[in-house]
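Please explain how the helices of this model pack against one another, and what its aromatic rings do. A walk through the packing, taken one pair of helices at a time, would be welcome.

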Amino acid sequence: MIPRSGVVALRALLAMVEEPQRWRSGAELAAEQELPGPFLEQVLLRLRRAGVLEARRGRHGGYRLLRPADALSLAEILSAVAADPQPPPPLASPGGASDGAGASPAAHAAASRVTNALQRRLQAALQRELQRLSLEDLRHDLRSSRAALSEEGGLLLG
């Protein structure tokens with residue numbers, strides 16, 4: 001459901017969110033997160049262009065968060081790295097080819113309209129949830145996952 005570029009962006013940002021003022025090179029992030037370096041660089045550049053990251057050249061350069069994690073919605077992040085920000089096409093167009101089951105063109109068109117409306121409703125619900133969630137929410141989830149995986153066990157709440 002989340003495109004590859006979105007997953008790569010989120011993993012890189014989660015690596016950066018613990019120390020948001022620290023400059024991180026693309027190579028360092030790629031090695032740490034086991035991500036493909038050239039693809040990660042493309043994603044980081046898209047995030048910079050979208051105002052999520054700032055970049056600095058040089059020996060002590062790299063990337064870092066431009067804004068606090070709670071000010072970065074997942075919708076903004078995923079939109080910044082999306083190759084095609086358009087919603088997916090409808091499942092079938094009204095008046096399209098029949099499946100050959102003997103359904104009338106009107107029945108096919110009605111069913112197609114219902115499924116297309118469902119797809120739009122689901123896309124809108126997903127977009128609302130992505131707007132509601134921030135990088136800070138994922139940071140909290142990351143900390144909880146780390147706590148649960150530690151030898152001491154446990155879960156971070158709050």
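The paragraphs below take up two helix contacts and then turn to the aromatic rings.

The model is predicted, and a good place to begin is helix α4, residues 74-81, against which helix α3, residues 37-49, packs at an angle of about 120°, with the two axes 8 Å apart. Because angles from 65 to 115 degrees would count as roughly perpendicular and those over 145 as roughly antiparallel, this value makes α3 oblique to α4. The crossing of these two helices is right-handed, and the residues that make the contact are V43, R46 and L47 on the α3 side and I77, A80 and V81 on the α4 side. Sorted by class, the residues of this contact comprise five nonpolar and one charged, with no polar residue.

Helix α1, residues 4-17, also meets α4: their axes come within 9 Å and cross at roughly 125°, which means that α1 is oblique to α4. Here too the handedness can be stated, since α1 passes α4 in a right-handed crossing. From α1 the contact draws on S5, G6, A9, L10 and L13, while α4 contributes L74, I77, L78 and V81. This contact of α1 with α4 has seven nonpolar and two polar residues, and no charged ones.

As for the rings, the count of aromatic pairs comes to zero, where a pair would require ring centres within 6.5 Å. One ring does have a charged partner, however, for R4 lies over the face of F39, at 4.2 Å from the ring centre.

Methods. Residues are numbered from 1 along each chain as its sequence is written. This is a predicted model: local features need pLDDT of at least 70, side-chain atom pairs count only at pLDDT 80 or more; totals for chains, interfaces and linings use all residues. Side-chain values use heavy atoms; hydrogens and water are left out. Rings of Phe, Tyr and Trp (its six-membered ring) pair if their centres lie within 6.5 Å; planes under 30 degrees apart count as stacked, over 60 as edge-to-face and the rest as tilted. A charge sits over a ring if NZ of Lys or CZ of Arg is within 6 Å of the ring centre and within 35 degrees of the ring normal. Axes are lines fitted to C-alpha atoms, for helices over the stretch in contact, and angles run from 0 to 180 degrees between N-to-C directions. Helices (H or I, at least four residues) and strands (E, at least two) are DSSP runs, numbered from the N terminus. Angles under 35 degrees count as roughly parallel, over 145 as roughly antiparallel, 65 to 115 as roughly perpendicular and the rest as oblique. A crossing is left-handed if the near helix is turned anticlockwise from the far one by less than a right angle, and right-handed if clockwise. Contact means heavy atoms within 4.5 Å. Ala, Val, Leu, Ile, Met, Phe, Trp, Tyr, Cys and Pro count as nonpolar, Asp, Glu, Lys and Arg as charged, and the others, Gly among them, as polar.
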